[in-house]
Amino acid sequence: MIKYLLVFLFTISSTVIAQEVEQAASSKSGWGVYGGYQSMQISGVEDDASDEELEMFETERLGSFYIGIWKNTDWKIGSLPITVGAELGHRGTKTTANLEFPDEEGESMTVDLSVDILITYLDLWASANYAMSDKFNLWIGPMFGIHLDDKIKIMGIDITQGEGADFESILGNDFGILLGAGYSISENISMNAGLYHGLKDHDGGKFNNLFIDLGYSF
């Protein structure tokens, strides 16, 4: 009798535990939102510049914020689960140049020129995720950026295409590789940091971003 009672209790408790696990799993939709900060630059243009040009200009980093959403999927590459997402992100760079012009007396005069280029993209991405532990994971995947808008400033003044400057070669869609790491702060909050390396050539250079963000899953 006691044997049957123990079996009965074990069956009931197993059923309850299974239902609780199933409910906990179903309460997580696999969706999440995130937002963060990125440091942007275009690199490689120096490779095609002459020594004289390198003495005149240099590229620096711009900063911007971004927001996005993600969705965990049932897809896998081998044993690695796939996450997909979309974000309102940016690419950009800052170029400073030292230009010499003759003044009214015929002597050379140096003018410091700065150009800020900030390009807004709708970024679509996917990543394969490798869990190092319960809290720490690594991920890598492609990202494709659809060009939405751009802002160009020369010496702090907003300009548009055709106003004495042509930046068409640096604009347009973009694509590259994401590589990063994630850490789970709590059940719903996570932190990610990584880099984006562009693969498309933009006037001799490729975009590269460093980024860090916080995410919330629900």
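Visitor: If strands are DSSP runs of E, at least two residues long and numbered from the N terminus, which one is Thr 93 found in?

Guide: This is a predicted model, and in it Thr 93 belongs to strand β4, which covers residues 80-102.

Visitor: Buried or exposed, that Thr 93?

Guide: Thr 93 has a relative accessible area of 1%, so it counts as buried, given that the cut-off for buried is under 20%.

Visitor: And what does the side chain of Thr 93 reach?

Guide: It reaches the backbone nitrogen of Ile 42, at a distance of 3.5 Å. Once the neighbours within four places in sequence are set aside, the contacts of Thr 93 are Gln 41, Ile 42, Thr 59, Glu 60, Leu 62, Val 115, Asp 116, Ile 117 and Ile 170.

Visitor: What about Gly 92, how accessible is that one?

Guide: Gly 92, which also lies in strand β4, has 0% relative accessibility and therefore counts as buried. With neighbours within four places in sequence left aside, Gly 92 is in contact with Met 40, Gln 41, Ile 42, Leu 62, Ile 117 and Phe 207. Its C-alpha is 7.8 Å from that of Arg 61, although 31 residues separate Gly 92 and Arg 61 in sequence.

Visitor: Switching to cores: which residues make up the largest nonpolar one?

Guide: That core has 10 residues, namely Ile 42, Val 115, Ile 117, Ile 119, Tyr 121, Ile 152, Ile 159, Ile 170, Leu 171 and Phe 207. Strand β5, residues 108-131, supplies the largest share of this core, with 4 residues. Another core, of 9 residues, lies apart from it and includes Tyr 66, Trp 125, Trp 139 and Met 143.

Visitor: Why would nonpolar side chains be buried together?

Guide: As a general matter, that is a tendency of nonpolar side chains in soluble globular proteins.

Visitor: Pick Ile 119 from the bigger core; what does it touch?

Guide: Not counting residues up to four places away in sequence, Ile 119 touches Gly 89, His 90, Arg 91, His 147, Asp 149, Asp 150, Ile 170, Leu 171 and Phe 207.

Visitor: Arg 91 catches my eye; which rings does its charged end sit over?

Guide: The charged end of Arg 91 sits over the ring of Tyr 121, 4.4 Å from the ring centre, and also over the ring of Tyr 196, where the distance to the centre is 4.5 Å.

Visitor: And His 90, which side chain joins it in a polar contact?

Guide: The side chain of Ser 64 does, at 3.3 Å. Ser 64 lies in strand β3 and is buried, because its relative accessible area is 6%. Beyond four places in sequence, Ser 64 touches Gly 36, Tyr 37, Gln 38, Met 40, His 90 and Leu 118.

Visitor: New topic, then: how many aromatic pairs are there in the whole structure?

Guide: A search of the whole structure gives 6 aromatic pairs. One of them joins Tyr 37 and Phe 65, whose ring centres are 5.2 Å apart and whose planes stand at 65°, so this pair is classed as edge-to-face, the cut-off for that class being over 60 degrees. Tyr 37 is in strand β1 (residues 31-43) and Phe 65 in strand β3 (residues 62-77), so the pair ties together parts 28 residues apart in sequence.

Visitor: How accessible are the two partners, Tyr 37 and Phe 65?

Guide: Tyr 37 is partly exposed, because its relative accessible area is 39%, whereas Phe 65 counts as exposed at 62% relative accessibility.

Visitor: Which ring does Tyr 66 pair with, and at what angle?

Guide: Tyr 66 forms an edge-to-face pair with Phe 211, with 6.4 Å between the centres and 90° between the planes. This pair links distant parts of the chain, since Tyr 66 is in strand β3 and Phe 211 in strand β10 (residues 206-217), 145 residues apart. Both Tyr 66 and Phe 211 are buried, and ring pairs link them with Tyr 34, Trp 70, Trp 125 and Trp 139 into a cluster.

Visitor: Last one, on the whole protein: how many helices and strands?

Guide: The protein has 2 helices and 10 strands, which run α-β-α-β-β-β-β-β-β-β-β-β from the N terminus on. Of its 218 residues, 32% are buried. Among contacts with a separation of 6 or more, 66% are between residues 24 or more positions apart.

Conventions. Residues numbered from 1 in each chain as written. Predicted model: local features only at pLDDT ≥ 70, side-chain atom pairs only at ≥ 80, totals over all residues. Heavy atoms only, no water. Buried < 20%, exposed > 50% of the residue type's maximum accessible area, 1.4 Å probe, protein only. Polar contact = N/O pair within 3.5 Å; in protein donor to acceptor, adjacent residues only side chain to side chain. Contact = heavy atoms within 4.5 Å. Core = buried A, V, L, I, M, F, W, Y, C linked by side-chain atoms within 4.5 Å. Phe/Tyr/Trp six-rings, centres within 6.5 Å; stacked < 30°, edge-to-face > 60°. Lys NZ or Arg CZ within 6 Å of the ring centre and 35° of its normal.
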